[in-house]
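Please open the model in your viewer and keep the sequence beside it, since this tour moves from one selection to the next.

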Amino acid sequence: MGMTEEKKQRVKETLKQSLRKKFQKYQPESKHMPFHYRLLGKDRMALFSFIHSINTTFGTSVYEPVALELARGRYAIVKTQAKPHNEISVVAQQVIQNIIDELISATREPKRETEFNEIKHVCRVAPIKKIKPNLIDVWLEDTDGNKYLIDMKTVKPNVEGFIGHKRKLLEWIAQELVRNPDSRVHSMIGIPYNPYEPKPYNRWTMRGMFDLTKEVLVADELWDFIGGEGTNQDLLDCFEKAGIELRPEIDEHFAKFETIHNI
């Protein structure tokens, strides 16, 4: 099915505006690199530095605005950098810690429904305490009241960080169940693309900690979930067209950094 032409145009313009904001505000680090400058030119070094900079913020500056545009009209509520409820049951925290301990020791298999029910059973047991919650990168709600809370990650998440990622997903569930114990909350990790293409995404590092069929969305799984079937391929085309249309602006902008007599 894929995106409509109108949706493609909106996504492409969202991409262009997001990138424009980045390169118009960007200033290269004031490092003196005389050999690099003479070999490659200041403009290329500035562009290289910009690419490195945007890679570190691609999630918030590019993927999240795109997700917002893709989800509009498909979901009833769409938000980025959203705040979950700021309370949690201390008992629910203990249950979450027990789940994580058992996953680490491999004395249980990760099963989303089981973990959800364990948390729900104690979600409002006193004491309830205030916390400073982690922001949710992409928040989607459908017309049936299902909440999908997506934590956008790099294409190769840090293995050492998986425990923290898992805890975050479970705590989001606990926090939203304090607000409403009947909430249907689905927390998951979103990975924008598969760096191993054409081979399957290497998920073995997540095995044992995440329910891979319910908690991890990779590449087309993620974008088709947000925008509908066929979205991933259309999105790649939007990125390509936006890049082609922006190329003259980018070249002109970074040409200003080429000042041979100053290096």
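A disulfide is counted here when a pair of cysteine sulfur atoms lies within 2.5 Å, and a search of the whole structure, which is a predicted model, finds zero disulfides. If you select Cys123, you will be looking at a buried residue with a relative accessible area of 4%, and Cys238 is likewise buried, with a relative accessible area of 4%.

Next, show the whole protein chain as a cartoon, where nine helices and seven strands can be picked out. Of the 263 residues in the protein chain, 45% are buried. If you switch on the surface, the accessible area of the protein chain comes to about 14400 Å², with 53% of that belonging to carbon and sulfur atoms. Among contacts in the protein chain with a separation of 6 or more, 78% join residues that are 24 or more positions apart.

Now select strand 4, residues 136-141, which is mostly covered, six of its six residues being buried. Add strand 1, residues 77-82, and you will see that strand 1 runs antiparallel to strand 4, with five bridges joining the two; to find one of these places, look for Ile77, whose bridge partner in strand 4 is Glu141.

Keep strand 4 selected and add strand 5, residues 146-152, which pairs with strand 4 in the antiparallel sense over four bridges. Here Trp139 has Leu149 of strand 5 as its bridge partner. Finally, follow the chain from strand 4 into strand 5, for the two form a hairpin with four residues between them, and stop in the turn at Gly145, which has a positive phi of about 90°.

Conventions
Residues numbered from 1 in each chain as written. Predicted model: local features only at pLDDT ≥ 70, side-chain atom pairs only at ≥ 80, totals over all residues. Heavy atoms only, no water. Buried < 20%, exposed > 50% of the residue type's maximum accessible area, 1.4 Å probe, protein only. Contact = heavy atoms within 4.5 Å. Areas by Shrake-Rupley, 256 points an atom, 1.4 Å probe, with all protein chains shown as cover. Pairing = 2+ DSSP bridges.
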